[in-house]
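Please open the structure in a viewer and keep the sequence panel visible. The tour proceeds by selections, each followed by an account of what is found there.

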Amino acid sequence: GPGCRVSVRARVSVRAGVRCGTGLYLVPLCERGLIMEGLDISDPMLSRARERRPDLTLHHCDMTRFDLESRFDAVLCLNSTLALVGSHELMVATIQCAARHLNPSGPGVLIPVSYTHLTLPTKRIV
């Protein structure tokens, strides 16, 4: 099933990670002091993420149609995850779903970025 990764800026308080997988990018961002939540459609992936960081808030759901009943300051989609949903219609649905989870007063960012750019010590999350 489709999924998407979501994360956020360094000065923003609450971030989400859609299709967070095993927590590969969520854990380093938490270690940098960011407040993160994640979602994935795969229970085994979520189990691995929980092993890496038991205090993470994780949700089991599909990135094209999730409702976390929460709002986030910004949303970043990592690597080519957004393109993996399978069709233009599902890509649009994913973006619309992510947009519904943004705080009205937040920066409202959805940017496909590389995992490497988020974890290199010399890079700044903007």
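The stops below lead from the whole chain to single residues.

**The whole chain**

The model shown is a predicted one. Begin with the entire chain in a cartoon display, where 4 helices and 5 strands can be traced. From start to end, the elements follow the order β-α-β-α-β-β-α-β-α. The chain has 126 residues, of which 42% are buried. If a surface is switched on, about 6500 Å² is exposed, and carbon and sulfur atoms supply 53% of that area. Contacts can also be considered along the sequence: among those between residues at least 6 apart, 59% join residues at least 24 apart.

**Strands β2 and β3**

Next, select residues 35-40, which form strand β2. This strand is mostly covered, with 5 of its 6 residues buried. Add strand β3, residues 57-60, to the selection. The two strands β2 and β3 run parallel and are joined by 4 bridges. To inspect one pairing, display Asp40 together with His60 of β3, its bridge partner.

**Leu46 in helix α2**

Now select helix α2, residues 43-52, and within it Leu46. Is Leu46 buried or exposed? Its relative accessibility is 1%, so Leu46 counts as buried. Which residues does Leu46 touch, leaving aside those up to four places away in sequence? They are Cys20, Gly21, Leu39, Asp40, Leu58, His59 and His60. The list thus includes Asp40 and His60, the bridge partners seen at the previous stop. Thr22 is also worth displaying: Leu46 and Thr22 are 24 residues apart in sequence, and their C-alpha atoms are 5.9 Å apart in space.

**The loop between β3 and β4**

Proceed to the loop that links β3 (57-60) to β4 (75-78), and pick out Asp73 there. Asp73 is buried, since its relative accessible area is 11%, under the 20% cut-off. Show its side chain with that of Asn103, and a polar contact of 2.5 Å between the two becomes visible.

Glu69 belongs to the loop between β3 and β4 as well. Is Glu69 buried or exposed? With a relative accessibility of 72%, Glu69 counts as exposed. Its backbone deserves attention too: although Glu69 is not a glycine, its phi is positive, at about 55 degrees. For comparison, most residues other than glycine have a negative phi.

**Helix α3**

Select residues 88-100 to display helix α3. This helix of 13 residues reaches 18 Å from its first C-alpha to its last, close to the 18 Å expected at 1.5 Å a residue. Colour Thr94, Cys97 and Ala98, which are buried. Turn the view to look down the axis of α3: the buried residues fall within an arc of 95 degrees, so they line one face of the helix. An α-helix has 3.6 residues a turn, so residues three or four places apart point the same way. On the other side of α3, His88 and Glu89 are exposed.

**Ala98**

The last selection is Ala98, in helix α3. Its relative accessible area is 5%, so Ala98 is buried. Not counting residues up to four places away in sequence, Ala98 touches Phe66 and Val75. Finally, display Phe72: Ala98 and Phe72 are separated by 26 residues in sequence and by 9.3 Å in space, from C-alpha to C-alpha.

Note on methods: Residues are numbered from 1 along each chain as its sequence is written. This is a predicted model: local features need pLDDT of at least 70, side-chain atom pairs count only at pLDDT 80 or more; totals for chains, interfaces and linings use all residues. Side-chain values use heavy atoms; hydrogens and water are left out. Buried means under 20% relative accessible area, exposed over 50%, partly exposed in between (1.4 Å probe, protein chains only). A polar contact is a pair of N or O atoms within 3.5 Å; within protein, one must be able to donate a hydrogen and the other to accept it, and residues adjacent in sequence count only if both atoms are side-chain atoms. The expected span of a helix is 1.5 Å times one less than its number of residues. The arc is that of the directions from the helix axis to the C-beta atoms. Contact means heavy atoms within 4.5 Å. Accessible areas come from the Shrake-Rupley method with a 1.4 Å probe; for residues, only the protein chains shown count as cover. Two strands pair if DSSP finds at least two bridges between them.
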